[in-house]
Each structure stands twice: as C-alpha cells, then as structure tokens.
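Today I went through the side chains of one chain, looking up rings and charges and how they pair. My entries follow in the order in which I made them.

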Amino acid sequence: MTIIKNILIIHNEGNFNSNPTLYSLLESLSRNGYVVTFLCSKQDIDQTTTLKNISIRKTNKYLAIRKYKFISVIPLEILYYIYSFFSVIINKKYDFIIGIDRDGVIEASLLSILYRCKYGLWSFEIMFEDETSRFFKRPERTACQNVTFAITQGHKRAELLSKENNIHLKQIFNIPVAGRKSELLERNYFLHNSLNIHKERKIA
C-alpha cells in the first residue's frame, strides 16, 4: 500500500485564512504529519501560515490553466497527451493532488500526469452549464472523469455537482461548511480509503 505523504493543493484564490473549511483541512493535514504545498495566485490578502509542513507557493502569474485561452475549445485530452511526454523526465514529487473548484481540478488533472499520481476535487462553487456554456464546462467535466473523489457541502450540492460534472454520487463526500461544530453522522471511511489513511486515524 502506497503511503501518501506529499500533497499538492491548487486553489487560484488562495484565501485559506478566511475560509474555515480550507484552513481546517490544512490544519488537519499538518497535525497528521503530511507535507503540503499550497499553490495559489498572489492576492492582496493574508496568505501566510505558521502551520507545520505547510508551504505556500504564490505566483504573480495565473495558474497554468489560465494561460490556455483555448481550453474550452480544444479537447483537454490533447494537453494530457502532451503532458504525458514530459512525465518521464520529472521526478515524482507529490503523492496526491487536490484541485479546488473548476480551475483547480483542471490544473490537477494535468499535473497528475506529470507527477504520476491521483487527484481529487474539492468543490466550493458549482458552475452551471445554463449560466456559462457547454464549451466552458467541457474541460472541467473531462478533468472530473478521473477524480478519485470529490468533496462538497451537503446532499443537494452533491446531486448538483454529480449532474453538472458527471461525477458518480458514490464518489462525492459531503463535508459541511466549516467550523468544527459537532454533528452526528454515520461513520464513513471514504477519505481514509481514498488517501490510504489508517481507519484509526482521525480526519478533522
């Protein structure tokens, strides 16, 4: 069994300090000994952290996916094909990638080829085809075809995410919008199994 230790999280906004759910994720990973790189665009907000083993990688440029102006027109599979050639010369650095929302999961799907690892989606915002377009949704749906899991808030949002991004409901894990308020839920080992975490270990 492969033990996941190095995780890359991709979030364009980078507002983890004002997002309790996201901050709780980083705090939990830090507490359990994971090494995390948080990739985000540089913003005029607090993007610092004192959490152990959590490094923030900020860039003045847009995340790579934003460079591809044709991403909604050209099939994403073409980029997958190109990235696969570079994967043989890149030493594997990450064991798992978490892409947040549309840009994050598309980026994660591309980088997972370079780093030869699995990836998942954490969805805070759902973009609907009716409000955007079929072309806008296409790369996001393509990227979601191979997610190990997806996370959203609540059963209704899970149903909408499943419909919009073509993700099977069984792959979607519900985590309420943060704080650490206790709630009586049925015991579920979905994340433990997906991330190869021992079932005795707690995930906040």
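I began with charges over rings, and in this predicted model I found the charged end of R134 over the ring of F135, 4.6 Å from the ring centre. I noted a second case, in which K5 lies over the face of Y34 at 5.6 Å from the centre of that ring.

Next I looked up ring pairs, and a search of the whole structure gave me 4 aromatic pairs. I took Y94 and Y115 as one of them, and since their planes stand at 90 degrees, with the centres 4.9 Å apart, I entered the pair as edge-to-face. This pair links distant parts of the chain, because Y94 belongs to the loop between α2 (76-86) and β4 (96-100), while Y115 belongs to helix α3 (residues 101-115), 21 residues apart. I checked burial as well: Y94 has a relative accessible area of 4% and is buried, and Y115, at 15%, is also buried.

I then turned to F96 and F149, whose rings are stacked, with 5.6 Å from centre to centre and 10 degrees between the planes. Here too distant parts of the chain are linked, F96 being in strand β4 and F149 in the loop between α4 (134-144) and β6 (150-152), 53 residues apart. I recorded F96 as buried at 1% relative accessibility, and F149 as buried at 2%.

For the salt bridges I asked how many the structure holds, and I counted 4. In one of them the side chains of R102 and D103 meet at 3.3 Å, N to O; R102 is buried with a relative accessible area of 9%, and D103 is buried at 14%.

I spent longer on K137, which lies in helix α4 and is buried with a relative accessible area of 0%. Its side chain forms a salt bridge with that of E140 at 3.0 Å, N to O, and both residues lie in helix α4, 3 residues apart, about one turn of the helix. I noted that E140 is buried, as K137 is. Leaving aside neighbours within four places in sequence, I found K137 in contact with M127, F128, E129, T132, E164 and N165.

My last entry concerns R141, which forms a salt bridge with E164, the closest N and O atoms being 3.6 Å apart. The pair links distant parts of the chain, with R141 in helix α4 and E164 in helix α5 (residues 155-165), 23 residues apart, and both R141 and E164 are buried. I also wrote down that salt bridges with shared partners join E129, R141 and E164 into one network.

Key: Residues are numbered from 1 along each chain as its sequence is written. This is a predicted model: local features need pLDDT of at least 70, side-chain atom pairs count only at pLDDT 80 or more; totals for chains, interfaces and linings use all residues. Side-chain values use heavy atoms; hydrogens and water are left out. Rings of Phe, Tyr and Trp (its six-membered ring) pair if their centres lie within 6.5 Å; planes under 30 degrees apart count as stacked, over 60 as edge-to-face and the rest as tilted. Helices (H or I, at least four residues) and strands (E, at least two) are DSSP runs, numbered from the N terminus. Buried means under 20% relative accessible area, exposed over 50%, partly exposed in between (1.4 Å probe, protein chains only). A charge sits over a ring if NZ of Lys or CZ of Arg is within 6 Å of the ring centre and within 35 degrees of the ring normal. Contact means heavy atoms within 4.5 Å.
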